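This report goes through a structure of two chains part by part, beginning with a helix and ending with the nonpolar cores. The sequence and the coordinates are shown first.

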Amino acid sequence: MKKIFYIFLLLLSYFIQGQSKYITKTGLISFEASVPSFEEVTARNNAVTAIINTQNGEFASLALVNGFRFKNALMEEHFNENYAESSEFPKTTFKGKIIEFSLKSNEYKIEGDLTFHGKTKSLKNIPIKLEIIDNEIIMSGNFEVKTSDFEVKIPKIVANKVSELVKVNFLFKLIKK
Amino acid sequence: MKKWKLITLAIIIFAFIGFNYVFKDHRNINKEAPEFKLNAEDLTTEFQINPEKSETKYLNKTISVSGVISEIDKSGVTISNQVFCVFDDKAKLEIKHNQNINIKGRFIGYDDLLEIIKLDQCSIINN
C-alpha cells in the first residue's frame, strides 16, 4: 500500500512539474515616446517570447530589438542605428518574479531586471493583470522608463519631439506547454 | 527672370528629395532577393556552434529557410522546431503540419530563451 502511495506521489510530482510552464512566442510589446502635437513616436513588436513558471512565479521575456516596427521607415532606421543600436545590442530582456503568485488572483505585482541597450535597470512593483482560462494565461500591463536609465541619448535637435519618458505596454497570451 | 525660374525649380527638387527621405517606404522583404539560402537544420547548427557570430552575420538580412512545418501559431509558423517565421498576414496561407516549405523573411535575431531563430515579414517561396 505504501509503495503504491509513493508511486502515486512520484507520478503526481511529474504531472505537476510537466505542466508548470506557460510559453508564448508571439507576445506583443509596444512603446510610445511621443510628445503632444508632434509626430507620434511609437513602435510595436508582435514576436516577443515570454515564459511563466507557475510553480514559483518566475517570469522571463525576450524581445528582438529589430522586431520593433514603426509607421515611419526613417524613424525605424534611426531607432535601430542611433538609439537602440540594435546591431550591437540585438536583444532586450526582462527576468523577474511575480510576487505572491498563486494562480488564484487576477492582479499581481512583478519585479525584476530589464535589460536594453546593454544596460540593466531593476523594476519594482509593476502591476500586472493575469487572466487564467484553461490552458492559457493572458498577462498584461504597462510601465514607464526613462531613456537615460538605459543611456539612450536623444540628440538636441529632436529633443523636443521625443519624450524622455517612455511608456511600455505588454500583452502575452501564454499557452501551457 | 530666368534666375528665378531656376531657383524655384531647385527648391521644388530639394523639397521632393527631402519629402522622399523623411517619408520613405519600408523595406519590402517580399521583393528582396535572399542573401542566404539555407535549410533549417544547417542554420540551427551554425547557431549552436556560435550564436553571437551567427547573429551578427544574419541580422536584419533577408534569408530563405527550408524545412518541415512543426508548429502553426496564430501569427506564424515554426520550421523544424527551430525557426519561427512571423507573417504580416497569415490568414491567406494554406499550410499544414509536416509540410515541406521554403520561407523567405527578415532575420531579426536569435531567441536564447527558447533557442529559436526568428524571422519576420515572411512569405512563402514557390518552387
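## Helix H1 of chain B

In this predicted model, helix H1 of chain B covers residues 2-22, and at 1.5 Å a residue its 21 residues should span 30 Å, which agrees with the 30 Å that separate its end C-alpha atoms. The number of buried residues among the 21 of H1(B) is zero, so this helix lies largely in the open.

## Strand pairing in chain B

Strand S6 of chain B, residues 116-124, takes part in two pairings that run in opposite senses: with strand S4 (residues 83-86) of chain B the sense is parallel, over three bridges, whereas with strand S5 (residues 100-111) of chain B the sense is antiparallel, over seven bridges. In the parallel pairing, B:Val83 stands opposite B:Ile117 of S6(B). In the antiparallel one, B:Lys104 has B:Ser123 in S6(B) as its bridge partner.

S5(B) and S6(B) form a hairpin with four residues between the strands, and in this hairpin B:Glu115 takes a positive phi near 55°.

## The side of chain B that touches chain A

How many residues of each chain are in contact with the other? On the side of chain B there are 21, and they are in contact with 16 residues of chain A. The elements H1, S4, S5 and S6 of chain B each supply at least two residues of the side that touches chain A, and the largest share, three residues, comes from S5(B). By residue class, this side of chain B divides into eight nonpolar, five polar and eight charged residues.

## Chain A as a whole

The secondary structure of chain A comes to two helices and nine strands, which follow one another along the sequence in the pattern α-β-β-β-β-α-β-β-β-β-β. Taken along the principal axes, the C-alpha atoms of chain A fill a box of roughly 80 × 30 × 25 Å.

Of the 177 residues in chain A, 27% count as buried. Among the contacts of chain A with a separation of 6 or more, 52% are between residues 24 or more positions apart.

## The surroundings of A:Thr24

A:Thr24 lies in strand S1 (residues 21-34) of chain A. Is this residue buried or exposed? A:Thr24 has 26 other C-beta atoms within 10 Å, and since the cut-off for a buried residue is 20 or more, A:Thr24 is buried.

When residues up to four places away in sequence are not counted, A:Thr24 touches A:Thr49 and A:Ala50, and also A:Phe172, A:Lys173, A:Leu174 and A:Ile175. A:Thr24 and A:Ile52, which are 28 residues apart in sequence, are 9.3 Å apart in space, C-alpha to C-alpha.

## Nonpolar cores

In soluble globular proteins, nonpolar side chains tend to be buried together. Here the largest nonpolar core has 46 residues, and those with the most contacts inside it are A:Leu174, B:Val65, B:Ile79, B:Val83, B:Cys85 and B:Leu119. Strand S2 (residues 42-53) of chain A gives the most to this core, with five residues.

With residues up to four places away in sequence again left out, B:Val65 touches B:Leu38, B:Asn39, B:Ala40, B:Leu43, B:Ile79, B:Val83 and B:Ile103. A second, separate core has five residues, among them A:Leu114, A:Phe116, A:Phe150 and A:Val152.

Note on methods: Residues numbered from 1 in each chain as written. Chains lettered and ligands numbered in written order. Predicted model: local features only at pLDDT ≥ 70, side-chain atom pairs only at ≥ 80, totals over all residues. Pairing = 2+ DSSP bridges. Expected span 1.5 Å × (residues − 1). Buried ≥ 20, exposed ≤ 12 C-beta atoms within 10 Å, placed from the backbone. Contact = placed C-beta atoms within 7 Å. Nonpolar A, V, L, I, M, F, W, Y, C, P; charged D, E, K, R; others polar. Core = buried A, V, L, I, M, F, W, Y, C linked by C-beta atoms within 7 Å.
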